[in-house]
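Visitor: I should like to study this structure step by step. May we look at it together?

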Amino acid sequence: MRRRWLPGGGFVLLVASWSGLAAFLAWGLAEPDLDRAWWILSRTDRGAAELTAGDAEVLARCIERHPALARDRLGDKRLKHLARTSGGWSTAPTSHFLVLRGREAGLRVALEARGASSWPLTVEVSVGGAGCRLEYPQAGTQECVVPLPSSGAEERPVLGRLAASGGFATSDPEESVGLRFVEPGNGYGS
């Protein structure tokens with residue numbers, strides 16, 4: 001009859017300690033969300049490409065935990081494009097924005113569209129898992145209400161997304177084209 005050899009306690013302890021060390025090093029080398037959010041925001045400041053889905057998820061998590069990140073960017077505005085814009089106009093077919101969500105239920109979003117490559121233009125607005133759709137038969141301003149529940153006792157910043165059905169172009173370099181936020185109390189957003 002053959003005898004099976006089982007590893008001893010010292011060997012099991014050695015393997016467990018090496019496994020623990022590997023897990024600890026992997027955890028320590030992972031990039032923290034706040035650090036990644038800082039890199040994302042610095043890329044948008046430089047006018048780099050729009051956010052990836054992963055970047056947007058990290059940024060939304062950081063804004064939820066640390067609302068001051070978004071409040072600093074919003075300044076005195078309620079809605080603001082996250083990426084660099086030209087006079088408040090975003091020409092990206094997909095873009096992200098910051099919004100200061102009020103205490104009331106529902107979020108009113110008003111957007112002006114100009115210079116679409118083709119009309120009609122459709123813009124999907126999504127914030128916090130809810131959304132609305134804007135239809136532009138021609139250049140102009142449209143608004144919708146994103147059906148969000150009340151944010152509670154205080155206003156909270158959140159990350160939103162705009163997705164336009166087409167691009168924007170103009171033959172006149174002096175003409176502003178794209179999408180920009182319209183805020184009734186403060187004129188135009190950026």
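Visitor: Is H96 buried or exposed?
Guide: This is a predicted model, and the answer rests on the relative accessible area. A residue counts as buried when that value is under 20%. For H96 the value is 6%, so H96 is buried.

Visitor: Which residue in β7 stands opposite H96?
Guide: H96 is placed in strand β2, which covers residues 94-101. Eight bridges join β2 to strand β7 (residues 156-164), and the two run antiparallel. Among the residues that H96 touches are L159, G160 and R161. The residue of β7 opposite H96 is R161.

Visitor: Which strands are the edge strands of the open sheet?
Guide: Five strands form the sheet in the order β1-β2-β7-β4-β5, with antiparallel pairing. An edge strand here pairs on one side only, and this applies to β1 (79-81) and β5 (130-136).

Visitor: Which helix lies across β2 and β7?
Guide: The helix in question spans residues 53-65 and runs at about 155° to β7. H96, in β2, touches A56. The helix lying across both strands is α3.

Visitor: Which helix holds the salt-bridge partners R36 and R43 of D55?
Guide: The side chain of D55 meets R36 in a salt bridge at 2.9 Å, N to O. D55 also meets R43, at 2.6 Å. D55 is buried, with a relative accessible area of 7%, whereas R43 is partly exposed at 27%. D55 lies in helix α3, while R36 and R43 both lie in helix α2.

Definitions and conventions:
Residues are numbered from 1 along each chain as its sequence is written. This is a predicted model: local features need pLDDT of at least 70, side-chain atom pairs count only at pLDDT 80 or more; totals for chains, interfaces and linings use all residues. Side-chain values use heavy atoms; hydrogens and water are left out. Helices (H or I, at least four residues) and strands (E, at least two) are DSSP runs, numbered from the N terminus. Buried means under 20% relative accessible area, exposed over 50%, partly exposed in between (1.4 Å probe, protein chains only). Contact means heavy atoms within 4.5 Å. Two strands pair if DSSP finds at least two bridges between them. Axes are lines fitted to C-alpha atoms, for helices over the stretch in contact, and angles run from 0 to 180 degrees between N-to-C directions. A salt bridge is a side-chain nitrogen of Lys or Arg within 4 Å of a carboxyl oxygen of Asp or Glu. Lists of a residue's contacts leave out its neighbours within four places in sequence.
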